[in-house]
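The following exercises concern aromatic pairs, a salt bridge and a chain interface. Each task is followed by a solution that proceeds step by step.

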Amino acid sequence: MRKGYIVVLILILATLLMINLVPVLSNFNNLNSLATSSQHYIEHGIEETGSINLVTSILLDYRGFDTLGETIVIFIVVSTITVLAVPNLGYRNDNICSPIVKQSISMIIPFLYLLGFYLIAYGHLSPGGGFTGGVLIAITFILLAVIFGVGYIKAEARRELISRSLIENLAALGFVISGMVGIAAGYNFLSSGQLGLSFGSPGNLVSGGLIPIFNLMIGIKIGAGMSVIFSHLIKEE
Amino acid sequence: MRIMLYILLLFTLISAFYAVLTSNLINSIIGLSIFSFNLIVIFLILQAPDVALAEVIISSGITTVLFIITLDKTGGSL
């Protein structure tokens, strides 16, 4: 009975959304006249920010405040879980996984780690970026914990988790401080393209002003934060 | 390509309803995984590889693992 109500509610909400979207979708040809800022990004994005990947240049240069908000959200979540879910025991696996799984996962994990750092380092050249690479690095820790079953004693687990939280906090601080370079140079907070310090031409690995540094900080922060969340949740009780 | 996009949208809708309405939690997680897979192919068709990559790693990777481990720890129907 309750499922029926939920389905009816979802259908009503979807119809309302569609009714709202009809005037936008019906004059599809006029959308280009409305989208002036996106035209500006497409035409002048590379020369203004120095990064080929326009998504990264919008995320970290034009709309850097949004990225700061996302990292603050992850930071608050990590802080809350660190306080609330205190790890007491090491997580013990009951040998569910067969040796085939263990061997294949231990062969895959170095390449996953390398792929994560590739995504972070080439975030301004190809699809990817700090968030994606950071989550991929956290996935390697999660795979290690799930497949092999980390059985730390209490003090050792504490120390490792504290060092990971420290890495996460330092990366968050580094992101904000490298954003303040813009203020020190007399421009806005979190600005990299206006500073005029694009080392090398667009398309090289070392280019794009401060965008690679932002990517590195966000990647370290998300990777450490996600693994801290997972470890705290799995080692509780 | 447009017909394929419509078929994928239909599959997305079906898998989303299945993930919400089924009573077995493991089936619900599998439905969510299929939903995110359809969404990945839709993003690739719409030429958004950045969002597709994030969707692959976050939705197919970390969300499924976290849900399954949570079910395992809380003693759900695993």
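A residue counts as buried when its relative accessible area is under 20%, as exposed when that area is over 50%, and as partly exposed in between. The model examined here is predicted.

**Exercise 1. Burial of an aromatic pair**

Task: Determine whether Phe175(A) and Phe214(A) are buried or exposed, and classify the geometry of their rings.

Solution.
Step 1. Under the cut-off given above, Phe175(A) and Phe214(A) are both buried.
Step 2. Their ring centres lie 5.4 Å apart and the ring planes meet at 75 degrees. Planes over 60 degrees apart count as edge-to-face, so the pair of Phe175(A) and Phe214(A) is edge-to-face.
Step 3. The two partners come from distant parts of the chain: Phe175(A) belongs to helix H8 (residues 154–184) of chain A and Phe214(A) to helix H9 (residues 211–234) of chain A, with their positions 39 residues apart.

**Exercise 2. An aromatic pair within one helix**

Task: State how many aromatic pairs the whole structure holds, and describe the one formed by Tyr113(A) and Phe117(A).

Solution.
Step 1. Over all chains, the search returns five aromatic pairs.
Step 2. In one of them, Tyr113(A) and Phe117(A) are arranged edge-to-face, at 5.3 Å centre to centre and with 75 degrees between the planes.
Step 3. Both residues lie in helix H6 (residues 99–121) of chain A, and their spacing of four residues is about one turn of the helix.
Step 4. Tyr113(A) has a relative accessible area of 36%, so this residue is partly exposed. Phe117(A) has a relative accessibility of 37% and therefore also counts as partly exposed.

**Exercise 3. Charged side chains**

Task: Identify which residue forms a salt bridge with Lys221(A), and assess the burial of Lys221(A).

Solution.
Step 1. Side chains of opposite charge can pair when their charged atoms come close.
Step 2. The search over all chains finds one salt bridge. The partner of Lys221(A) is Glu168(A), and their closest N and O atoms are 2.7 Å apart.
Step 3. This pair, too, links distant parts of the chain, since Lys221(A) is in helix H9 of chain A and Glu168(A) in helix H8 of chain A, 53 residues apart.
Step 4. The relative accessibility of Lys221(A) is 2%, so Lys221(A) counts as buried. Glu168(A), with a relative accessible area of 1%, is buried as well.
Step 5. A charge may also be placed over a ring: the charged end of Arg164(A) sits over the ring of Phe141(A), 4.9 Å from its centre.

**Exercise 4. Neighbours of two buried residues**

Task: List which residues Thr71(A) touches, leaving out those up to four places away in sequence, and do likewise for Leu60(A).

Solution.
Step 1. Thr71(A) is located in helix H5 (residues 64–84) of chain A. Its relative accessibility is 6%, so Thr71(A) counts as buried.
Step 2. With that exclusion, Thr71(A) touches Phe175(A), Ile218(A) and Lys221(A). Phe175(A) is the residue paired with Phe214(A) in Exercise 1, and Lys221(A) is the salt-bridge partner of Glu168(A) in Exercise 3.
Step 3. Leu60(A) is located in helix H4 (residues 54–62) of chain A. Its relative accessible area is 4%, so Leu60(A) is buried.
Step 4. With the same exclusion, Leu60(A) touches Thr67(A), Leu190(A), Ile211(A), Phe214(A), Asn215(A) and Ile218(A).

**Exercise 5. Chain B and its contact with chain A**

Task: Describe chain B, then state which helix supplies the largest share of the side of chain B that touches chain A.

Solution.
Step 1. Chain B contains three helices and zero strands. Of its 78 residues, 29% count as buried. The C-alpha trace of chain B spans about 45 × 25 × 10 Å along its principal axes.
Step 2. The contact involves 22 residues from chain A and 15 residues from chain B. About 1600 Å² is buried between the two chains, and carbon and sulfur atoms give 78% of this area.
Step 3. Asp50(B), Ile57(B) and Lys73(B) supply 34% of the area that chain B buries against chain A, more than any other three residues.
Step 4. Between chain B and chain A there are zero salt bridges, while two residue pairs are in polar contact.
Step 5. Helix H1 (2–21) and helix H3 (49–74) of chain B each supply at least two residues of the side that touches chain A. The largest share, 13 residues, comes from H3(B).

Note on methods: Residues numbered from 1 in each chain as written. Chains lettered and ligands numbered in written order. Predicted model: local features only at pLDDT ≥ 70, side-chain atom pairs only at ≥ 80, totals over all residues. Heavy atoms only, no water. Phe/Tyr/Trp six-rings, centres within 6.5 Å; stacked < 30°, edge-to-face > 60°. Buried < 20%, exposed > 50% of the residue type's maximum accessible area, 1.4 Å probe, protein only. Lys NZ or Arg CZ within 6 Å of the ring centre and 35° of its normal. Contact = heavy atoms within 4.5 Å. Buried area = accessible area lost by both parts, 1.4 Å probe. Salt bridge = Lys/Arg side-chain N within 4 Å of Asp/Glu carboxyl O. Polar contact = N/O pair within 3.5 Å; in protein donor to acceptor, adjacent residues only side chain to side chain.
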